[in-house]
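Colleague: Could you take me closely through a single part of this model, the largest nonpolar core, and then through what lies around it? I would like a connected account rather than a list.

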Protein chains: 2
Amino acid sequence: MNISQAAKATGLPAKTIRYYEEIGLIQPTRRDNGYRTFTETSLHQLNFLARARALGFSIDHCRSLLALWEDRDRASADVRRIALKHLDEIEEKICDLTEMRDTLGELVRTCDGDGRPDCPILNSLSQSSSGRKYHGGVALARRG
Amino acid sequence: MNISQAAKATGLPAKTIRYYEEIGLIQPTRRDNGYRTFTETSLHQLNFLARARALGFSIDHCRSLLALWEDRDRASADVRRIALKHLDEIEEKICDLTEMRDTLGELVRTCDGDGRPDCPILNSLSQSSSGRKYHGGVALARRG
DNA sequence: CCTTGACCTTCCAGTAACGGGAACCCTTAT
DNA sequence: ATAAGGGTTCCCGTTACTGGAAGGTCAAGG
């Protein structure tokens, strides 16, 4: 099975699959012409990764989970620990975002949105930062 | 006022302030020795930026908001439109994260976390992806 | 005058997780 | 022979910074 077939089968872009190989998450074999070959096992791994990534696990966490998955003797507790840690992070993010949403929602609510130059949103933003939290800048930033 | 004073006054790291100058968000003047000088106006801008960033506005949105803020004739509707768009994105993120949390929480709940090798979390992850959504990989990823 | 230490400067590299696109090879069909 | 549709590697760009090196500046102390 070639990479585009594997991509179709797992829902992952071919680029992503190549990337996963590059960083050592998977090791598909090669044919004589250099093409990657994906077996049933590769597909299982890729599906595992796709699902874990969809649940928000980082690549590093995915690496650990994948190793645990392939270790017949692993302890369930190890997996649980990673999942719990991730769950905590998700909770915190939801909390931050909810706070953002409430604050911003309140501002938007009080903004007429008409043609007049007065704007409660800008007024609030220009106030000197009481209650503002600096989260390291990037933690709450948007992507894409 | 030097950069470290400005940093202390705004809560932004000096590195970040230099970065904001580099990408053209602010234009502090320079002294003869090359040191940046921050005035009351600079501090207002930096506070504005810090607050907008804390609300999750992207740098690009911040740039627009800052321009609108400094435009005495701007229409309130312009600001409102940006804020609403951002609000939508926040909502969607919260939604995605909540879904993640619920799914992962359910898995963790059914996991004993003992020493035995059987693990419901891994079992679920290894199932073939029904109901899984591929969000473009990065949208839901963690940072830091 | 010299040194020390705390500032300040610029520049370069790295982060997470890919996506876009160029340049080029392989296979199959016409 | 050539065109289409795979595949490959490699490099750059993305976001919003952070860390660190190399070096200039300034005030105080000996």
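Modeller: What follows starts with the chain as a whole, goes on to the core and the helices around it, and ends with some exposed positions.

This is a predicted model, and the confidence values should be kept in mind while reading it. Chain A has an average pLDDT of 86, and 88% of its residues score at least 70. Over residues 136–144 of chain A, however, the pLDDT stays under 50, and the model has 21 contacts beyond four places in sequence for that stretch. Chain A contains six helices and two strands, which follow one another along the sequence in the pattern α-α-β-β-α-α-α-α. Of the 144 residues in chain A, 30% are buried, and among the contacts in this chain with a separation of 6 or more, 41% are between residues 24 or more positions apart.

The core you asked about is the largest nonpolar one and has 30 residues, of which Leu46(A), Leu49(A), Ala52(A), Leu65(A) and Ile121(B) have the most contacts inside it. Both chains take part, since at least two residues each are supplied by α2 (14–22), α3 (40–54), α4 (59–70) and α5 (76–109) of chain A and by α5 (76–109) and α6 (120–126) of chain B. The largest share, six residues, comes from α3(A).

Ala52(A) is a good place to look in detail, and it lies in helix α3 of chain A. With 27 C-beta neighbours inside 10 Å, Ala52(A) counts as buried, because 20 or more are needed for that. Leaving aside residues up to four places away in sequence, Ala52(A) touches Phe57(A), Cys62(A) and Leu65(A), and from the other chain Leu125(B). Arg101(A), by contrast, is 49 residues from Ala52(A) along the chain, and the C-alpha atoms of the two are separated by 27 Å.

A second, separate core has 29 residues, including Leu97(A), Leu104(A), Leu125(A) and Ala54(B). Leu97(A) and Leu104(A) are also among the buried residues of α5(A), together with Ser76(A), Val79(A), Arg80(A), Ala83(A), His86(A), Ile90(A), Lys93(A), Met100(A) and Leu107(A). Helix α5(A) has 34 residues, and the distance from its first C-alpha to its last is 48 Å, close to the 50 Å expected at 1.5 Å a residue. The cover over its buried residues includes α4 and α6 (120–126) of chain A as well as α5 and α6 of chain B.

In chain B, helix α4 (residues 59–70) has 12 residues that should span 16 Å at 1.5 Å a residue, and its end C-alpha atoms are indeed 16 Å apart. Its buried residues are Cys62(B), Leu65(B) and Trp69(B). These three cover an arc of only 65° around the axis, and therefore they lie on the same side of α4(B). An α-helix has 3.6 residues a turn, so residues three or four places apart point the same way. On the face of α4(B) turned away from the buried side are the exposed residues Asp60(B) and Ala67(B). What covers the buried residues of α4(B) includes α6 of chain A, along with α3 (40–54) and α5 of chain B.

Some exposed positions in chain A complete the picture. Asp60(A), which is found in helix α4 of chain A, has 11 C-beta neighbours inside 10 Å and therefore counts as exposed. Asp60(A) is 13 residues from Asn47(A) in sequence, and the two are 16 Å apart in space, C-alpha to C-alpha. Thr39(A) sits in the loop between β2 (36–37) and α3 of chain A, and it is exposed because 12 other C-beta atoms lie within 10 Å, while the limit for an exposed residue is 12 or fewer. Between Thr39(A) and Ser58(A) there are 25 Å in space, C-alpha to C-alpha, and the two are 19 residues apart in sequence.

Gly115(A), in the loop between α5 and α6 of chain A, is likewise exposed, with 10 other C-beta atoms within 10 Å. Even so, Gly115(A) touches Ala75(B) and Ala77(B), not counting residues up to four places away in sequence. Its C-alpha atom is separated by 45 Å from that of Ser58(A), and Gly115(A) and Ser58(A) are 57 residues apart along the chain.

Conventions:
Residues numbered from 1 in each chain as written. Chains lettered and ligands numbered in written order. Predicted model: local features only at pLDDT ≥ 70, side-chain atom pairs only at ≥ 80, totals over all residues. Core = buried A, V, L, I, M, F, W, Y, C linked by C-beta atoms within 7 Å. Helix = DSSP H or I, 4+ residues; strand = E, 2+ residues; numbered from the N terminus. Expected span 1.5 Å × (residues − 1). Contact = placed C-beta atoms within 7 Å. Arc of directions from axis to C-beta. pLDDT = per-residue confidence, 0-100.
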